[in-house]
Structure formats: C-alpha cells, structure tokens
Amino acid sequence: MQLANRHPSTQHLGRFFAYSHLPEHLQAPAQVIHDAAADLLALVPDGPELTTGLRKLLEAKDCMVRALL
C-alpha cells in the first residue's frame, strides 16, 4: 500500500491495515479488508471523507478478526 505521498491522516490509518502480524487463521479476512483499502486509496483523493471511510473500514477489519477469535 503506497502511503508515502499521502496526507498524514491517510498515512496514520493506512498502516493499521497490515495483517502479516496476525495468526494465520485471522489473516484471510484482514487481507480482504487490506486489499479493499489499497484499491480505495488508488481511487479516492485525500480528504475528510477518505479519512472517515478508512476509519470505518478499519472498524470492519477489527470486527471480522474478532468474529474469528
């Protein structure tokens, strides 16, 4: 996920979509969310709505991972 030239808020949230640190059985749903975030970052310019959308996507990742715990 390319974050180097993005707004600081985008960079801050973008790093939380990493999933390789998770146990293997939790990586699949986290990878789906990561890939969606990467696709959206390629399409949507920085701004308040992107920040809010990423935050909600991060909430979805947390929910999906917790559902498997």
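**Notebook: helix H2 and its surroundings**

I began with H2, which has 20 residues and reaches 29 Å from its first C-alpha to its last, close to the 28 Å expected at 1.5 Å a residue. I note here that the model is predicted. I then looked for a bend in H2 and found one of about 30° at Ala30.

Next I asked which residues of H2 are buried. I listed Leu26, Pro29, Ala30, Ile33, His34, Ala37 and Leu41. Ala30, where H2 bends, is thus on the buried list as well. I looked up what covers these buried residues, and the cover includes helix H1 (8-14) and helix H3 (48-67).

I turned to the surface. Leu40, Leu43 and Val44 form a nonpolar patch there, and I noted about 270 Å² of accessible area for them together. I placed Leu43 in helix H2, which covers residues 24-43. Is Leu43 buried or exposed? I entered it as exposed because its relative accessible area is 67%, and the cut-off for exposed is over 50%.

**H1 and H3**

I took Thr10 as my entry for helix H1. Thr10 counts as buried because its relative accessibility is 1%. I then asked what Thr10 touches, not counting residues up to four places away in sequence. I wrote down Leu3, Leu41, Asp46, Leu50 and Leu54. Of these contacts of Thr10, Leu41 also appears among the buried residues of H2.

For helix H3 I picked Thr51. At 13% relative accessibility I entered Thr51 as buried. With residues up to four places away in sequence not counted, I found Thr51 touching Ser9 and Leu13.

**Salt bridge**

How many salt bridges does the count come to? I got one. Asp46 forms a salt bridge with Arg6, and I noted 2.9 Å between the closest N and O atoms. The pair links distant parts of the chain: I placed Asp46 in the loop between H2 and H3 and Arg6 in the segment before H1, 40 residues apart. Side chains of opposite charge can pair when their charged atoms come close. I checked the cover of both partners. Arg6 is buried because its relative accessible area is 18%, and the cut-off for buried is under 20%. Asp46, at 32%, I entered as partly exposed. I also note that Asp46 is in my list of contacts of Thr10.

**Loop between H2 and H3**

I looked up Gly47, also found in the loop between H2 and H3. Gly47 counts as partly exposed because its relative accessibility is 24%. I then compared sequence and space for Gly47 and Ala28: they are 19 residues apart in sequence and 29 Å apart in space, C-alpha to C-alpha.

**Segment before H1**

My last entry is Met1, in the segment before H1. I entered Met1 as partly exposed, at 35% relative accessibility. From Met1 to Phe17 I noted 16 residues in sequence and 9.1 Å in space, C-alpha to C-alpha. Which residues is Met1 in contact with, leaving aside its neighbours within four places in sequence? I listed Gly14, Phe17, His34, Ala37, Ala38 and Leu41. Among these contacts, His34, Ala37 and Leu41 are on my list of buried residues of H2. Leu41 is thus a contact of Met1 and a contact of Thr10.

Technical notes:
Residues are numbered from 1 along each chain as its sequence is written. This is a predicted model: local features need pLDDT of at least 70, side-chain atom pairs count only at pLDDT 80 or more; totals for chains, interfaces and linings use all residues. Side-chain values use heavy atoms; hydrogens and water are left out. Patches are made of residues with over 30% relative accessible area and no salt bridge: like charges are joined within 9 Å, nonpolar side chains (Val, Leu, Ile, Met, Phe, Trp, Tyr) within 5 Å. Accessible areas come from the Shrake-Rupley method with a 1.4 Å probe; for residues, only the protein chains shown count as cover. A salt bridge is a side-chain nitrogen of Lys or Arg within 4 Å of a carboxyl oxygen of Asp or Glu. Helices (H or I, at least four residues) and strands (E, at least two) are DSSP runs, numbered from the N terminus. Buried means under 20% relative accessible area, exposed over 50%, partly exposed in between (1.4 Å probe, protein chains only). The expected span of a helix is 1.5 Å times one less than its number of residues. The bend at a residue is the angle between axes fitted to the seven residues ending there and the seven starting there. Contact means heavy atoms within 4.5 Å.
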